[in-house]
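User: I've got this one open on my screen and I'd like to zoom in on a single helix and its surroundings. Could you walk me through it, residue by residue where that helps?

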Amino acid sequence: EEEQKQDEVAPWSVNVNVIPSSEVQASVQRSWKVAGATAEEDAKEVEAAAAMLTETVIPSMVDRFRSLELSPVDGRQLTEALHAQGVNVRYLGAVHRASGRVPYVQALCEREMVARAAKT
(Lines give C-alpha, C1' and ligand atoms only; values in the text may rest on other atoms or scores of the structure.)
Protein backbone atom coordinates (compact mmCIF):
# COMPACT_ATOMS: atom_id res chain seq x y z
CA GLU A 1 0.00 0.00 0.00
CA GLU A 2 2.82 2.43 0.84
CA GLU A 3 4.66 1.54 -2.38
CA GLN A 4 1.53 2.38 -4.35
CA LYS A 5 1.36 5.85 -2.73
CA GLN A 6 4.97 6.55 -3.73
CA ASP A 7 4.25 5.58 -7.34
CA GLU A 8 1.15 7.77 -7.59
CA VAL A 9 1.47 10.95 -9.59
CA ALA A 10 0.21 14.18 -8.06
CA PRO A 11 -3.15 15.24 -9.48
CA TRP A 12 -2.91 17.83 -12.26
CA SER A 13 -5.36 20.50 -13.20
CA VAL A 14 -5.55 22.98 -16.05
CA ASN A 15 -5.72 26.67 -15.24
CA VAL A 16 -6.95 28.46 -18.35
CA ASN A 17 -7.38 31.75 -16.52
CA VAL A 18 -3.69 32.59 -16.21
CA ILE A 19 -3.75 35.04 -19.12
CA PRO A 20 -7.41 35.62 -19.97
CA SER A 21 -6.76 38.24 -22.69
CA SER A 22 -9.00 36.58 -25.27
CA GLU A 23 -10.99 33.45 -25.86
CA VAL A 24 -8.51 32.22 -28.47
CA GLN A 25 -5.47 32.79 -26.30
CA ALA A 26 -7.20 31.22 -23.31
CA SER A 27 -7.79 28.07 -25.34
CA VAL A 28 -4.15 27.97 -26.44
CA GLN A 29 -2.37 29.19 -23.33
CA ARG A 30 -2.67 26.67 -20.55
CA SER A 31 -0.67 26.45 -17.39
CA TRP A 32 -0.33 22.88 -16.10
CA LYS A 33 0.14 23.03 -12.39
CA VAL A 34 -0.16 20.67 -9.47
CA ALA A 35 -3.65 20.92 -8.02
CA GLY A 36 -3.78 23.50 -5.28
CA ALA A 37 -1.60 26.16 -6.93
CA THR A 38 -3.22 29.57 -6.93
CA ALA A 39 -3.95 31.69 -9.98
CA GLU A 40 -1.59 34.33 -8.60
CA GLU A 41 1.27 31.80 -8.45
CA ASP A 42 0.44 30.70 -11.99
CA ALA A 43 0.45 34.28 -13.25
CA LYS A 44 3.82 35.01 -11.62
CA GLU A 45 5.33 31.89 -13.14
CA VAL A 46 4.01 32.75 -16.61
CA GLU A 47 5.27 36.34 -16.29
CA ALA A 48 8.73 35.13 -15.25
CA ALA A 49 8.89 32.71 -18.18
CA ALA A 50 7.76 35.39 -20.63
CA ALA A 51 10.34 37.84 -19.24
CA MET A 52 13.10 35.27 -19.61
CA LEU A 53 12.08 34.63 -23.21
CA THR A 54 11.86 38.28 -24.21
CA GLU A 55 14.90 39.50 -22.28
CA THR A 56 17.32 36.59 -22.69
CA VAL A 57 16.35 33.83 -25.10
CA ILE A 58 15.02 35.90 -28.02
CA PRO A 59 17.91 38.43 -28.06
CA SER A 60 20.38 35.53 -27.91
CA MET A 61 18.59 33.83 -30.80
CA VAL A 62 18.62 37.07 -32.84
CA ASP A 63 22.39 37.31 -32.24
CA ARG A 64 22.69 33.78 -33.64
CA PHE A 65 20.64 34.87 -36.67
CA ARG A 66 22.89 37.92 -37.12
CA SER A 67 26.05 35.79 -37.01
CA LEU A 68 24.40 33.29 -39.42
CA GLU A 69 24.89 30.50 -36.89
CA LEU A 70 21.16 30.02 -37.38
CA SER A 71 19.96 30.95 -40.85
CA PRO A 72 16.38 29.93 -41.65
CA VAL A 73 15.34 30.51 -45.25
CA ASP A 74 11.59 29.97 -44.95
CA GLY A 75 8.76 29.99 -42.45
CA ARG A 76 9.08 26.30 -41.65
CA GLN A 77 12.78 26.62 -40.80
CA LEU A 78 12.08 29.78 -38.79
CA THR A 79 9.41 27.93 -36.81
CA GLU A 80 11.76 24.99 -36.24
CA ALA A 81 14.52 27.38 -35.07
CA LEU A 82 12.11 29.06 -32.65
CA HIS A 83 10.93 25.73 -31.25
CA ALA A 84 14.51 24.44 -30.96
CA GLN A 85 15.25 27.43 -28.71
CA GLY A 86 12.08 26.86 -26.67
CA VAL A 87 10.25 29.84 -28.16
CA ASN A 88 6.58 29.48 -29.10
CA VAL A 89 5.53 30.99 -32.43
CA ARG A 90 3.21 33.35 -30.54
CA TYR A 91 6.41 35.31 -29.76
CA LEU A 92 6.97 35.95 -33.47
CA GLY A 93 6.21 39.65 -32.97
CA ALA A 94 8.86 39.89 -30.26
CA VAL A 95 11.36 38.17 -32.56
CA HIS A 96 10.46 40.64 -35.31
CA ARG A 97 10.98 43.63 -32.99
CA ALA A 98 14.28 42.26 -31.65
CA SER A 99 15.66 41.57 -35.12
CA GLY A 100 15.76 45.22 -36.17
CA ARG A 101 19.22 44.97 -37.76
CA VAL A 102 18.68 41.55 -39.34
CA PRO A 103 16.47 42.32 -42.36
CA TYR A 104 16.15 38.74 -43.61
CA VAL A 105 14.76 37.63 -40.26
CA GLN A 106 12.32 40.53 -40.20
CA ALA A 107 11.10 39.59 -43.69
CA LEU A 108 10.69 35.94 -42.65
CA CYS A 109 8.73 36.98 -39.55
CA GLU A 110 6.46 39.22 -41.62
CA ARG A 111 5.78 36.48 -44.17
CA GLU A 112 5.07 33.94 -41.43
CA MET A 113 2.68 36.34 -39.67
CA VAL A 114 0.78 36.99 -42.90
CA ALA A 115 0.64 33.29 -43.75
CA ARG A 116 -0.66 32.40 -40.30
CA ALA A 117 -3.24 35.20 -40.38
CA ALA A 118 -4.46 34.10 -43.80
CA LYS A 119 -4.62 30.47 -42.70
CA THR A 120 -7.18 31.12 -39.96
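**Helix α4 and its neighbours**

Analyst: Let's start with Thr-79: setting aside residues up to four places away in sequence, it touches Val-89, Glu-112 and Arg-116. Keep in mind that this is a predicted model, so what follows describes that model. Thr-79 sits in helix α4. It is buried, because its relative accessible area is 12% and the cut-off for buried is under 20%.

Thr-79 has company. Gly-75, Leu-78, Ala-81 and Leu-82 are also among the buried residues of α4. Viewed down the axis of α4, the buried residues stay within an arc of 160°, so they line one face of the helix. The general geometry helps here: an α-helix has 3.6 residues a turn, so residues three or four places apart point the same way. Swing round to the other side of α4 and you find Arg-76 and Ala-84, which are exposed.

What sits over the buried face? The cover on the buried residues of α4 includes α3, α5 and α6. Let's take α6 from that set, since Thr-79 has already led us there.

Two packed helices are described by the angle between their axes and the distance between the axes. For α4 and α6 (residues 103–119), the angle is about 100° and the axes are 9 Å apart. That makes the two helices roughly perpendicular, because angles of 65 to 115 degrees fall in that class. On the α4 side, the residues that meet α6 are Gly-75, Leu-78 and Thr-79. Their partners in α6 are Leu-108, Cys-109, Glu-112 and Arg-116. Sorted by class, this contact has three nonpolar, two polar and two charged residues.

Now look at the two charged names on the α6 side, Glu-112 and Arg-116. Their side chains meet in a salt bridge, at 2.7 Å from N to O. Both sit in α6, and since they are four residues apart, about one helical turn separates them. The two ends of the bridge differ in how covered they are. Glu-112 is buried, because its relative accessible area of 13% is under the 20% cut-off. Arg-116, at 31% relative accessibility, counts as partly exposed. Thr-79 touches both of these residues, so if you centre your view on Thr-79 you'll have the bridge in the picture too.

α4 has a salt bridge of its own. Arg-76 pairs with Glu-80, with the closest N and O atoms 3.2 Å apart. Again the partners are four residues apart in one helix, about one turn of α4. Arg-76 is exposed, because its relative accessible area is 53% and exposed means over 50%. Glu-80 comes out at 43% relative accessibility, so it counts as partly exposed.

If you like that spacing, α3 (39–66) has another example. Lys-44 and Glu-40 form a salt bridge in which the closest N and O atoms are 3.5 Å apart. These two are four residues apart in helix α3, which puts about one helical turn between them. Both Lys-44 and Glu-40 are exposed. In total, the structure holds five salt bridges.

Next, the two ends of α4. Ahead of it, the loop between α3 and α4 (75–84) contains Leu-68. The phi of Leu-68 is near 65°, a positive value in a residue other than glycine. That's worth a look on your screen, because most residues other than glycine have a negative phi. Leu-68 is also exposed, with a relative accessible area of 53%. After α4 comes Gly-86, and its phi is positive as well, near 85°.

One more stop is the loop between α5 (92–98) and α6, where you'll find Ser-99. Ser-99 is buried, at a relative accessible area of 0%. Ignoring its neighbours within four places in sequence, Ser-99 is in contact with Val-62, Val-105 and Gln-106.

To put α4 in context, the chain has six helices and two strands, following the pattern α-β-α-β-α-α-α-α along the sequence. Of its 120 residues, 28% count as buried. And among contacts between residues at least 6 apart in sequence, 49% join residues at least 24 apart.

Note on methods
Residues are numbered from 1 along each chain as its sequence is written. This is a predicted model: local features need pLDDT of at least 70, side-chain atom pairs count only at pLDDT 80 or more; totals for chains, interfaces and linings use all residues. Side-chain values use heavy atoms; hydrogens and water are left out. Buried means under 20% relative accessible area, exposed over 50%, partly exposed in between (1.4 Å probe, protein chains only). Axes are lines fitted to C-alpha atoms, for helices over the stretch in contact, and angles run from 0 to 180 degrees between N-to-C directions. Angles under 35 degrees count as roughly parallel, over 145 as roughly antiparallel, 65 to 115 as roughly perpendicular and the rest as oblique. Contact means heavy atoms within 4.5 Å. Ala, Val, Leu, Ile, Met, Phe, Trp, Tyr, Cys and Pro count as nonpolar, Asp, Glu, Lys and Arg as charged, and the others, Gly among them, as polar. A salt bridge is a side-chain nitrogen of Lys or Arg within 4 Å of a carboxyl oxygen of Asp or Glu. The arc is that of the directions from the helix axis to the C-beta atoms.
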